Amino acid sequence: MATPAALPPLPFNPSRVRSYVLRLPLFTRLVLLAIIVFWLLELQTVWSVKQWGSLIPEEINIGTMYRLNTYPFIHFGFFHAFLNLLALTPLLERFEAEHGTLTAVALFFGPLSTFPAGAYILIERFVLHRNTEVFGASVWVFLLLGSEAIRTFKSNPYFSLGPYKIPTWTSPLFACGLVSIFVQNASLLGHLCAIFVGYLFGLGYLKVFVPPEKVLRWIEGKLNLLGRLPHYVSVDQKTFGRYGVLPTTTAGGERATPMSYLGSSQRLAAIRKLRSNPHFLFVHLPHILSFLCIVAGVVWLLLLPLNDYSRQTYISENALLPGQVHAYFSGSEQHIFRGYKKELEAILERQTLSEQDSRNDEFTPAYVHFLCPITLSAPVSDKVQSILRAAGLKVATQKYEYTSSGITHQGQNVYAIIQAPRGDATEAIVLVAAWRTADDELNLNGVSLALTLAGYFKRWSLWSKDIIFVLPPDSKSGTQAWIDAYHDMQPAFVQPLPLKSGALQGGLVIEYPFDHRFESLHILYDGVNGQLPNLDLFNTAVSIAGGQMGIGSNLQEMWDHNDSYEMRLQTILRGMVKQGFGYATGAHSSFMPYHIDAITLQPKGDGWQDEMALGRTIEGLCRSLNNLLEHLHQSFFFYLLMQTNRFVSIGTYLPSAMLIAGNFTIMAIALWLRTGYYFGSEQAAVKPPAASAGETNKQVAVSTEKSGANTAQQPAVKTDSNSIIERQLALPLTLVVGLHLLGLIPLYIFNNIHHQYYPTATYASIAINAILPIALAASLTRGLTTTLREQSQQSLLIKSFSLLVLGLFLSTLATLNFSLSFMIGLLCTPLSFVNRIDPRTASRPLRAVLAVAGLVLLNVLSPPIVLLVACRYVGVDVETVLTQAAFGWDVWGMWTQVVVWCVWWPAWVTGCALLGFSLF
Amino acid sequence: MTVLSLLSLLFLAAFSSLASANSDYHESLVLQPLPQSALLASFNFQSNDSQTSFNERHFRYFPRALGQILRHANTKELHLRFTTGRWDAESWGPRPWNGTKEGGTGVELWAWIDAVDDESAFAKWITLAQSLSGLFCASLNFIDSTRTTRPVASFEPTGTHAASDNLHLLHGTLPGEVVCTENLTPFLKLLPCKGKAGVASLLDGHKLFDASWQSMSVDVRPICTQTGECVVQIDQSVDIVLDIDRSKRPRDNPIPRPVPNEQLVCDTSKPYHSDDTCYPLESTSEKSWGLSEIFGRSISGSCPLTEGSTDGTVCLRVPHEREVRATEGAVEVKKPDGYTRCFTLESSTPFDLNIPEQEATTQVPLDEPVLRAERTIVGHGQERGGMRIIFDNPSDTHPVDFIYFETLPWFLRPYVHTLQATITGRDGLRRQVPASQFIKETFYRPAIDRERGTQLELALSVPAASTVTLTYDFEKAILRYTEYPPDANRGFNVAPAVIKLSPAGGGGGASHPIYIRTTSLLLPLPTPDFSMPYNVIILTSTVIALAFGSIFNLLVRRFVTAEEASAMRAQTLKSRLGGKLVALRDRVKGKTAKTE
């Protein structure tokens with residue numbers, strides 16, 4: 001073996017942990033299992049395990065004595081269970097190894113759980129007259145700690161802390177104190193009872209309850225427990241428990257005697273076999289880990305709606321003071337509102353009449369209507385301007401024009417500024433009322449409301465910030481043009497703004513596209529590229545609408561949210577889909593890239609709230625924003641909302657996407673290691689190549705077993721199999737980088753061609769996707785070096801690089817746009833497990849069949865087909881979606897396409913190409 | 001050439017006539033209704049003390065507190081401004097006093113100090129700022145070296161100074177300072193009548209600081225006549241623009257509730273007009289107002305010290321045909337310009353003025369401002385930004401020459417090489433031109449981190465009927481953790497720029513320059529999350545250490561099984577020897593351990 005002398009061992013040795021876990025004795029295992037099972041049971045909502053099994057002093061009677069034994073198994077929440085497990089395992093393992101399994105069973109189902117429970121109930125019920133329920137394995141932890149402390153005290157009575165000597169038996173009391181301080185709801189009394197019983201046990205007063213050894217031996221002998229039960233610690237083995245040590249790497253398997261307590265030598269061999277089985281370490285383990293990561297990621301997401309993992313929303317910024325002011329917008333303002341509305345209505349009617357005359361109702365497809373906003377005629381714009389000017393505002397206009405996918409979007413923004421009295425134009429709030437709502441309905445009421453509010457707000461002198469009223473013709477492009485120009489970042493065909501104010505502190509979008517009264521407010525908050533406004537703004541809106549005005553609020557189109565798990569999950573998923581696609585959900589979305597928090601308020605339903613109530617809500621919101629001394633920064637910018645008053649913050653949900661992204665990284669690193677250190681079928685390569693897969697595996701198993709059997713001797717593996725293998729990096733690197741660059745071509749095409757060619761382009765890309773990997777595989781196989789070994793290494797390297805890049809991108813993306821990273825990650829999961837089928841393990845026809853089947857399956861997950869299927873599922877036209885996407889790219893600065901074409905697609909092509917290699 | 005506004009002429013006339021008087025006290029109030037129901041009220045109080053009595057510390061009209069400070073700080077000429085709000089030049093026309101008696105938002109202070117060198121001048125300047133800070137209850141003590149500049153061309157001394165004086169001009173601004181009643185009270189205390197009598201009795205903090213725009217100024221300067229008689233003049237003025245509607249609201253019910261339905265003024269000609277639908281009608285008539293209505297009190301007679309002055313004390317600028325009701329006994333003088341009438345106050349007789357609501361037929365003409373300037377921060381992000389300054393010359397015939405002066409805090413680092421100019425004509429076409437075409441002279445003093453700010457003075461010329469846009473990029477510095485103020489996320493104030501229009505160019509032949517100030521700016525700087533640095537630092541370093549450590553290990557280490565490792569070790573002679581040595585050592589060690 002050519003490797004240099006081994007490096008010093010890691011302080012934390014994973015193999016030790018594994019062997020420790022594998023060696024856990026029987027009763028410990030059962031207890032751990034029971035705790036996990038009870039925790040899992042607690043997740044369902046039908047039957048409350050806690051209610052059933054916890055130790056509730058008032059509930060204890062003859063029929064419910066079982067509680068005295070069940071309570072240590074029950075935990076609330078994952079962390080409680082996990083921490084207790086962590087603390088309990090070593091203590092219990094030690095105890096069992098020392099006393100034997102039977103004794104442990106007898107003691108832990110007998111005195112060691114009933115005594116503390118009894119003591120607790122006595123004190124709690126009859127001395128303190130309270131009824132606090134307790135549960136959790138911490139009682140055993142402290143009990144065992146207590147008995148251990150007594151034992152330590154006997155050998156080593158004091159700690160010396162400077163001049164003071166502290167008896168060592170007090171240490172569990174300190175631990176108990178610390179736990180009570182740091183952990184909420186930790187029962188001090190319960191722990192003290194446990195420690196007390198532990199002391200008694202340690203001092204030997206409970207020896208009476210230990211079953212006599214003779215009896216144990218008799219039972220053991222009769223039932224042949226040692227032979228039947230795995231991991232059973234017999235009465236004879238027990239004394240070794242305390243002094244048993246782990247087999248260390250240097251010791252190898254030579255020191256046979258101390259290991260005998262493990263049981264039969266077969267078990268030992270099995271462990272050693274695992275440790276010395278590089279095939280398992282390099283090939284199977286990464287797959288298992290990757291799979292576990294994916295499963296854990298998905299399960300993690302599914303756990304989020306539970307109460308334990310989500311949080312109640314709260315107002316973080318004290319300056320907001322939502323709902324603390326009286327809103328006066330009512331009374332005669334409603335008359336003015338109706339006046340403005342009638343006035344605008346009359347002009348619009350005249351306009352539509354004249355338009356119908358001129359345009360003779362030519363046939364226009366639905367999407368054109370959807371994509372081309374109605375340009376408002378000059379009279380409407382003039383009327384709006386004159387109203388605003390009469391109210392004493394500074395009015396200005398801005399023309400803009402965008403061209404995307406061959407469609408021109410143009411319009412004229414009208415905006416007006418209420419200059420804050422005594423203000424110095426340093427800060428401003430924006431109110432937007434687009435003529436067309438996000439759903440492309442005429443927002444006449446919203447615009448009239450904004451005009452009325454402008455006149456009303458102008459009379460107040462308390463504004464500390466300017467208030468800007470923006471009236472764009474549509475929700476898609478108008479606000480974007482305005483906000484771009486406000487920061488002087490506008491493209492060429494957008495006019496600069498002639499009138500400006502200070503830094504924008506917040507934005508509110510008003511929509512009211514119907515004439516009847518409304519029931520609740522639907523709050524839109526998603527921004528472009530999945531950016532979100534500060535949670536405080538959303539909370540303020542919910543709190544003012546609900547708490548002050550008595551208007552319910554909804555989010556994510558969840559009209560009947562009954563706060564159940566399913567509804568919460570559905571809300572989260574809808575939010576994630578919107579966030580993942582990253583498109584602008586309303587006029588407010590354009591503000592987010594400039595770090596301006598904005599939301600849209602949409603009245604929904606048929607109720608008894610009128611436009612004045614909406615106006616008062618907006619007044620309250622403006623007053624709250626007006627109170628702000630600093631830019632909104634206190635609360636969360638990364639969150640998933642599951643209900644108007646519940647959310648999960650980034651710290652809780654991020655691991656989900658990170659785990660999924662991590663699965664690619666794990667696989668990539670494993671492949672890299674594998675290409676360098678271990679070469680899968682090296683042993684097989686020296687054998688006749690006809691050997692089938694099963695045989696090879698057997699060979700490996702046999703050889704490793706042999707090496708395990710005659711331990712310290714020369715292993716049976718051939719000397720050249722562990723030599724360093726040169727990695728051929730040029731081709732894999734070129735291929736992966738090249739494919740990522742190649743992604744720019746579809747990115748360009750899908751953002752720049754005329755909208756009517758989008759379906760054609762989609763189908764073409766499907767066809768190309770089907771051919772490209774195979775063509776790539778065919779041409780590369782010819783170019784690849786001839787030896788099978790190098791071919792196989794290079795395909796592994798290609799996969800490694802591709803997955804490394806994917807994992808890197810996705811984990812970075814997860815911090816910016818969690819949902820997109822999660823979705824792409826899920827769609828890419830098969831790529832972790834797709835491999836070039838080794839020609840030595842499968843015959844050619846089998847390979848071909850497998851590869852073709854794999855390719856077909858992978859093709860179903862290709863970007864264009866996923867798009868088609870998603871469109872079919874939602875019932876939207878592909879052309880509309882792609883036009884929208886191109887519009888997003890051109891106008892909103894949306895990055896979703898880049899992720900699709902430059903991250904997902906190259907990884908996907910690589911995966912297909914790997915399968916394609918198997919064909920040749 | 002733009003005609004100087006009549007208003008300014010009036011001010012200047014009053015100014016010069018008063019300036020000639022010796023050891024005297026004058027006060028005046030000029031009221032002028034402005035469009036959009038605004039009312040400009042300009043209060044001016046001027047007193048002179050002879051230089052000799054000033055030197056002998058014999059103060060008569062001159063406030064002793066201020067006089068002592070000035071003497072202590074060797075200050076020959078002092079200008080102090082307190083301003084809030086912004087002057088709406090678009091609606092209100094040119095500024096009162098041509099902008100010479102106003103400052104940028106917040107507090108602005110500049111002074112000529114007699115000192116031998118720069119260091120001692122700066123020491124005196126700090127003394128002055130600290131003392132004034134106490135006198136005026138303002139945070140003037142925050143004017144330190146980073147906020148102090150020495151303008152080269154933007155300010156000229158207005159007083160007469162001996163050539164032998166070694167004068168240093170220092171200028172400092174506090175753009176974030178909020179001006180309020182605590183500054184007004186000491187200001188009024190400087191007046192000889194202390195706000196108890198005369199026009200100053202109208203100055204009430206509640207009304208004054210409810211104004212849309214408000215500026216207070218204190219100017220001290222020595223003036224010498226040809227004959228060599230010198231006086232020290234203190235000129236205090238308060239200019240406010242009140243919203244008539246807002247000021248008329250009763251003090252116990254200031255909330256602008258929606259008016260009752262029956263008081264709505266509706267356009268009844270609309271076809272949809274009904275009881276519950278109302279298109280509001282714009283009222284064309286002038287609103288009625290009165291002094292006691294607007295200021296909450298009437299003038300309690302004239303200040304006895306002003307007796308003997310012939311000029312009217314309260315002047316009102318409305319067309320002569322407008323009906324004005326003044327208190328009995330006040331002498332009304334109508335000026336020949338057709339718009340001004342002045343009233344002379346009686347001592348100890350309250351004076352009030354009422355203007356009933358009437359149809360406005362003629363208006364006092366307002367001049368077009370000579371130059372419009374706007375300064376904004378553009379761009380976004382935490383690292384870079386840009387400054388955009390727009391100069392608009394409304395005149396169709398004359399170019400405007402002016403000096404543009406800005407001081408930037410040190411954490412805003414401008415890239416002067418990116419200074420670019422675009423010019424937009426009336427045709428709306430934008431043309432990129434070299435900045436040197438407009439910039440005739442540049443004075444640039446770069447910033448030193450934490451020591452001084454950037455000072456930029458440009459002599460510019462904007463051609464007739466065009467708009468010039470200057471832009472430059474800047475970089476935002478990252479402050480030290482402790483340098484952030486408590487409200488770091490609000491942003492950092494950037495002082496307004498000062499524009500001085502040279503008299504020859506736009507001043508209409510007058511010898512006094514016109515000053516314009518832009519609005520102040522708010523600069524968002526990269527701000528750490530102060531609430532959780534501990535968590536963030538600990539967590540990220542742990543994660544990075546763990547991830548880096550384990551991945552690094554995985555990549556550089558070679559993992560072998562225990563058997564392979566021992567086999568490897570057994571193979572080479574060296575390692576075999578090494579192993580033996582280790583075993584030997586272990587044995588020795590083990591023995592010693594046992595004997596212990």
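The following questions and answers go through a predicted model of two chains, A and B.

Student: What ipTM does the predictor give the complex?

Tutor: Two scores are given for the complex as a whole. The pTM is 0.76, and the ipTM is 0.85.

Student: Where in chain B is the pLDDT below 50?

Tutor: Chain B averages a pLDDT of 84, and 91% of the residues score at least 70. Residues 1-7 fall below 50, with 21 contacts in the model beyond near neighbours in sequence. A further stretch below 50, with 18 such contacts, is residues 505-509.

Student: Is chain B a compact globule or more spread out?

Tutor: The C-alpha trace of chain B spans about 125 × 80 × 55 Å along its principal axes. For 596 residues the globule rule gives 25 Å, whereas the radius of gyration is 34 Å. That is well over the rule, so chain B is more spread out than a compact globule.

Student: What share of the contacts in chain B join residues at least 24 apart?

Tutor: Chain B has 13 helices and 30 strands, and 42% of its residues count as buried. Taking contacts between residues at least 6 apart in sequence, the share that joins residues at least 24 apart is 73%.

Student: Which helix of chain A gives the most to the largest nonpolar core?

Tutor: The largest nonpolar core has 207 residues, and those with the most contacts inside it are A:Leu431, A:Ala450, A:Ala454 and A:Phe469. With 15 residues, the helix that gives the most to this core is H35 (residues 896-917).

Student: Which residues does A:Ala454 touch, not counting those up to four places away in sequence?

Tutor: A:Ala454 is among the residues with the most contacts inside the largest core. In general, nonpolar side chains in soluble globular proteins tend to be buried together. The residues that A:Ala454 touches are A:Leu388, A:Ala391, A:Leu393, A:Ala416, A:Ile418 and A:Phe469.

Student: Which element supplies the largest share of the side of chain A that touches chain B?

Tutor: The contact takes 54 residues from chain A and 57 residues from chain B. On the chain A side, helix H15 (332-359) and helix H23 (650-677) each supply at least two residues. That side divides into 19 nonpolar, 23 polar and 12 charged residues. The largest share, 8 residues, comes from H15(A).

Student: Why does the length of helix H5 of chain B agree with what is expected?

Tutor: Helix H5 covers residues 118-136 of chain B, which is 19 residues. At 1.5 Å a residue they should span 27 Å. The lengths agree because the end C-alpha atoms are apart by 26 Å.

Student: What do the buried residues of H5(B) pack against?

Tutor: The buried residues of H5(B) include B:Trp125, B:Leu128, B:Leu132 and B:Phe136. An α-helix has 3.6 residues a turn, so residues three or four places apart point the same way. Just after H5(B), B:Cys137 takes a positive phi of about 55°. The packing partners are helix H3 (64-72), strand E3 (75-85), strand E4 (106-114), strand E5 (148-149), strand E6 (167-174) and helix H6 (181-189) of chain B.

Student: Which helices of chain A do the buried residues of H10(A) pack against?

Tutor: Helix H10 (residues 188-203) has 16 residues and reaches 22 Å, close to the 22 Å expected. Its buried residues include A:Leu192, A:Ile195, A:Val197 and A:Phe201. H10(A) is followed by A:Gly204, whose phi is positive, near 90°. The partners are helix H7 (111-127), helix H8 (138-155) and helix H9 (171-182).

Student: Is A:Ser635 buried or exposed?

Tutor: A:Ser635 lies in the loop between helix H22 (611-627) and strand E12 (639-643) of chain A. Leaving aside neighbours within four places, its contacts are A:Ser316, A:Glu317, A:Asn534, A:Leu535 and A:Asp536. With 23 C-beta neighbours inside 10 Å, A:Ser635 counts as buried.

Student: Is B:Asn74 buried or exposed?

Tutor: B:Asn74 is in the loop between H3 and E3 of chain B. Its phi is positive, about 55°, although B:Asn74 is not a glycine. Because it has 22 C-beta neighbours inside 10 Å, B:Asn74 counts as buried.

Student: What is the phi of B:Ala465?

Tutor: B:Ala465 is found in the loop between strand E25 (454-462) and strand E26 (466-476) of chain B. With 16 other C-beta atoms within 10 Å, B:Ala465 is partly exposed. Its phi is a positive value in a residue other than glycine, near 50°.

Key: Residues are numbered from 1 along each chain as its sequence is written. Chains are lettered from A and ligands numbered from 1 in the order in which they are written. A nonpolar core is a set of buried Ala, Val, Leu, Ile, Met, Phe, Trp, Tyr and Cys residues joined through C-beta atoms within 7 Å. A residue is buried if 20 or more other C-beta atoms lie within 10 Å of its own, exposed if 12 or fewer, and partly exposed in between; C-beta atoms are placed from the backbone. Helices (H or I, at least four residues) and strands (E, at least two) are DSSP runs, numbered from the N terminus. Two residues are in contact if their C-beta atoms, placed from the backbone, lie within 7 Å. Ala, Val, Leu, Ile, Met, Phe, Trp, Tyr, Cys and Pro count as nonpolar, Asp, Glu, Lys and Arg as charged, and the others, Gly among them, as polar. pLDDT is the predictor's confidence in each residue, from 0 to 100. The expected span of a helix is 1.5 Å times one less than its number of residues. The radius of gyration is taken over C-alpha atoms; the globule rule is 2.2 Å times the number of residues to the power 0.38.
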